[in-house]
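Hi,

Here is the structure I promised to pass on. My notes follow below it.

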Amino acid sequence: MRSAAIGLGLVVLAAAGGVALDPAGAGLASAQSADAGVTPTGHTTSVDVRIEGMRYVPATIEVPAGDQLLISVQNTGEDRHDLVLETGARTPRLAPGEQATLDAGVVGRSLDGWCSVAGHRQMGMVLTVNVIGGSEHDHAPSPTAASAAEDLDLMADPGPGFTPREARLAPAGRAKVHRLTLTVQEVEREVAPGVTQRLWTFNGTAPGPVLRGQVGDVFDITLVNDGSIGHSIDFHSGALAPDVPMRTIEPGQRLVYRFTATRAGIWLYHCSTMPMSLHIANGMFGAVVIDPPDLPRVDHEYIAVQSELYLGPQNGEADADKVLADRPDLVVFNGYAQQYDHAPLTARVGQRVRIWVLAAGPNRGTSFHVVGGQFDTVWAEGAYRLRPGAGGAQTLGLFPAQGGFVELSFPEPGNYPFVSHSMIDAERGAHGVIRVGR
Ligand SMILES: [Cu+2]
């Protein structure tokens, strides 16, 4: 029993180490689909491919029809990568400096290859195997699972397990040093009625936790990567050299990121591992609120972080092709489509309400508007744009990664929707309600 367990451990270790050759399994399986009925020559073609950054060098390799193809892959980059052929033959994930040999079997047709780390193929990590004297390159796309967007119905009610994300923003408190561990966790979360995605999160939610403090506070953050690929974090709320604290860490690793919040704002934090578009789209973002000095007390303080979702299959990760094409299925506040239609924010007539807004993206800004309301106060990107006694404002316009707050009070009871007045985004889920009572 004990020796069997140890033996198994060794095999797994060797595969995870990335240097193990799998002479039988992968090679035989791929030979059946790569040979296209060609007569084997009995020769072997060996090719060296280096990974440099997000590229295979060379990116095109040639093999005579009927030869067995061995591809030696050396990862000279700084992140983990692999090489997968359309036949399913693959290397393990290779850490920087590691090497593995992929046995493509006997090759009788041209083949596509790519890196299977999320988003890397879309960033150009593709390899073409051209066969000389074989059949034409078959560009049949690999079959993909149906998108969860097909199950999307924004008129539907959320499931019985639905709990709205708390939009009420707690006061900053008195601590001058904020110590927090942010753990990257891959979790399945409902993002719209009937639609669940496998998100990459900071501490299990997207957006991640809201941090709040005063100008001069120190934030001592430990990032732990419990995910399955490399991740990182970038806090806009502190100025520092990004080289070390914003580095990508591999699963199982941790880093310490310490910054001083020297300026007020509602600041974005996000994973900055490539492709950032995909890492943010799949849940890796959040807000740091640093209060302007002498921020007045109000009756209600809310926060709305807007982001997009590019739906992959049910329970799957974001669709990297949709991210690349800038085609979101949903635009949402605080991670769930129209959640405050189902669970409205509340206020009373005449009370002052402050709403902090952050456009987390990855790609879309917001034109934040309250239907039936007018803002008498607008603060954005470090300064008041409008204060009571001057004019009024109808929207808070924010580019991606910008933030601010608005203040207003309501003249009479009713249900006041809040939206991004980029109307297609309101119709894609950036919509909620403030229920105003007497
Ligand atoms: Cu990430």
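What is the site of the copper ion like, given the angles among its 4 donor atoms? The site is irregular, with angles of 83 to 135°; four donors would count as tetrahedral if all angles lay between 85 and 135 degrees, and as square planar if opposite donors were over 155 degrees apart and all others between 65 and 115. Donors here are N, O and S atoms within 2.8 Å of the metal (3.2 Å for Na, K and Ca), and water is not among the atoms, so sites may look incomplete.

Before the rest, a word on the source: this is a predicted model, where local features need pLDDT of at least 70 and side-chain atom pairs count only at pLDDT 80 or more, while totals for chains, interfaces and linings use all residues. Residues are numbered from 1 along each chain as its sequence is written, and side-chain values use heavy atoms, without hydrogens and water.

The copper ion is held by H231 (ND1), C271 (SG), H279 (ND1) and M284 (SD), at 2.0 to 2.6 Å. Their spacing in sequence is H-x39-C-x7-H-x4-M. H231 and M284 link distant parts of the chain, 53 residues apart. H231 is buried (under 20% relative accessible area, 1.4 Å probe, protein chains only), at 0%, and M284 is also buried at 0%.

There is also 1 cavity of 30 Å³ or more, that is, a set of points on a 1 Å grid over the protein atoms alone where a 1.4 Å probe fits but cannot get out. Its volume, the space filled by probe spheres set on the points, is about 60 Å³.

Best wishes

Key
On a 1 Å grid over the protein atoms alone, a cavity is a set of points where a 1.4 Å probe fits but cannot get out, and a pocket is an open set with protein on both sides within 12 Å along at least five of seven lines; lining residues have an atom within 4 Å of a point. Four donors count as tetrahedral if all angles lie between 85 and 135 degrees; four count as square planar and six as octahedral if opposite donors are over 155 degrees apart and all others between 65 and 115; anything else is irregular. Helices (H or I, at least four residues) and strands (E, at least two) are DSSP runs, numbered from the N terminus. Buried means under 20% relative accessible area, exposed over 50%, partly exposed in between (1.4 Å probe, protein chains only).
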